[in-house]
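Grab a pencil and work through these short exercises with the structure open beside you. Each task comes with a solution that goes step by step.

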Amino acid sequence: HLGREVELERREEQREGAESGREREGRGVRGAPADKEWVRSFRRAAAAAALPPLGLRRCCLCHETLSSPLRMAEHLRGARHCEAVLRRHRRRGGRCDGPQPGEAEAAMLFDELSTQRIVRVRPEPPDVALALVQRELSRANAAAPEAAAAASTAAPLSSALPAPALPDCSALPACLKTEASLRFDTRAHDLRGAAVRLLAKPRRGIGSFPAASRSGAPELEDFAPHGDVFRRFKVQQALYREVGKDAPFLAAYERLVRDVILPHLRSRLEGAEEEGEPEFHYQFPPTLRVQPGPSHEHGPLHADKDYGHQAGEVNFWLPLTSLERTRTTLHVETSPGRGDFHPLLLDYGDAAAFHGCLCRHHAPANPTPFTRVSIDFRVGVSPHFDPGWRAEGVKALHGWRKA
C-alpha cells in the first residue's frame, strides 16, 4: 500500500511539474489581476504559516531545488510557490475568478494545499546537517554585527587587502561629522513619483509593477524586482545605469540637492572656522536601492572608506517608501567604531545626513512582502575633499558634479 501511495505521489509530481513548466512559459497566473490578488493573499498567509522541516531543499509543489536549505522558508513565501498553490486550488475545482479570499480562508487553503504536503516530506540527512551548521552561523552573526559583515562579504580577501588609502586633505569640520536629519516638501520634490515612473518603464532584468496596478497609480512598495537587485553587483550596476539615463529622475534629484541639501550644509557650516568659501561636489547620479521582501538578505556592515570614498564626504540617505509598511531602514553608529547602531526612523519626506565614510552602517533584512526603496548619495566639501582623487582597485566609481 505504501509503495502504491509513493508511486501515485511521484506521478502527480511529474504531471504538476510538466504543467508548471508550461504555465511558466506562458507566464502562468501572472497575467490576470484576480489571480494576482489570490497570490498576494496566499503570500500573506505563508508569512504566518508553520516553518518547513529543517533541511528541506526541494519543494514538492513547484519542484524547485534550492541552493541552500535555509532558503526554503523564503521560497514558500515567494510568488512562484504561491502561484503553484493557486494552480492546485484551481485543478481541484476551487473558485478563483471571484474576489480575493479573506485572511482566514487564505490561511486555511494555504495550510491544506501547501503546509500539510510540505511537512510530510523527509529532508535528506546531508541537507539537515548543512542547515544546522548554517543556522548556528546565522545566530552567531546576528549576535555580532562585525562577524555578520565579515561573513556577508569576502572575508579572506578583505582581511588580506588593506583598506584604500585616503587622500591628503584637511579633516572635515566636527559640525558635519555628527548625524542630522532634515525635511523637504514632497510636492516640490516628488522623488517617489519620479522613482515610480523610472521603475515602471519596461526594462529587462530589473523588475516590474503588478499588472493590476498598471491601470492606476502604482505603489512603489508593490514593485517586484527581478533577480537579486539588492545584493548582486551586476544587477545593481544595471539599475545604476538606468538611473543615470533617466532625465526626469535626475532633474528631481538635482533640484533637491540645490534647494534643500546644499542650504542645509551651508547652515551647518556657519560659525565653523573655514578658510574661504567652501565648494560642494555632489554625487551624480545618486544610488537607488531596491530591497525586496520577505527575505533573509541583508546589507553588509561597512564604512564607505572600504569602497573608495573620502573622509571629506557627507552621506545623505532618503527613504522613498513607507517605514510602516516595509519595517526596514538603515542602521548607523554615531561615531567611528563605537558600535552603538540605531535605526534611522525616517519616512518619505525625511532625509538623514551622517559621516558614512568612517561611521559603519548596514541594512537588515526586509521581513515584509513589500519592497523598500531608497536613494543615497554623498556631497564632498572642499577643501576637505579632492574631486580628482581615485582609490586604486575599486570596481565602481561614482561621478561627481560641482555645485
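Helices (H or I, at least four residues) and strands (E, at least two) are DSSP runs, numbered from the N terminus. This is a predicted model, where local features need pLDDT of at least 70 and side-chain atom pairs count only at pLDDT 80 or more, while totals for chains, interfaces and linings use all residues. Residues are numbered from 1 along each chain as its sequence is written, and side-chain values use heavy atoms, with hydrogens and water left out.

**Exercise 1.** Find out how many helices and strands the protein chain has.

*Solution.* Count the helices to get 12, then the strands, which also come to 12.

**Exercise 2.** Follow helix α11 from start to end and check its span.

*Solution.*
- Step one: at the start of α11, a side-chain oxygen of D246 comes to within 3.0 Å of the backbone nitrogen of F249.
- Step two: the expected span is 1.5 Å times one less than the number of residues. The 23 residues of α11 (residues 247-269) should therefore span 33 Å, and the end C-alpha atoms, 31 Å apart, agree with that.
- Step three: look for a bend, the angle between axes fitted to the seven residues ending at a residue and the seven starting there. α11 bends by about 40° at V257.
- Step four: after α11 comes G271, with a positive phi near 95°.

**Exercise 3.** Work out which side chains of strand β1 are buried, and what β1 is joined to.

*Solution.*
- Step one: buried means under 20% relative accessible area, exposed over 50%, and partly exposed in between (1.4 Å probe, protein chains only).
- Step two: side chains alternate along β1 (residues 180-183). A180 and L182 point to one face and are buried, whereas S181 and R183 point to the other and are not.
- Step three: two strands pair if DSSP finds at least two bridges between them. β1 and β9 (residues 350-354) run antiparallel and are joined by four bridges. Opposite S181 stands A352 in β9.

**Exercise 4.** H63 has a positive phi although it is not a glycine. Is H63 buried or exposed?

*Solution.*
- Step one: most residues other than glycine have a negative phi, and most peptide bonds are trans.
- Step two: the phi of H63 is about 65°, and H63 sits in the loop between α2 (33-47) and α3 (72-76).
- Step three: H63 counts as buried because its relative accessibility is 19%.

**Exercise 5.** Do the same for R327: where is it found?

*Solution.* R327 is in the loop between α12 (323-326) and β7 (331-332). Its phi is positive, about 50°, and R327 counts as exposed because its relative accessibility is 58%.

Note on methods
A polar contact is a pair of N or O atoms within 3.5 Å; within protein, one must be able to donate a hydrogen and the other to accept it, and residues adjacent in sequence count only if both atoms are side-chain atoms.
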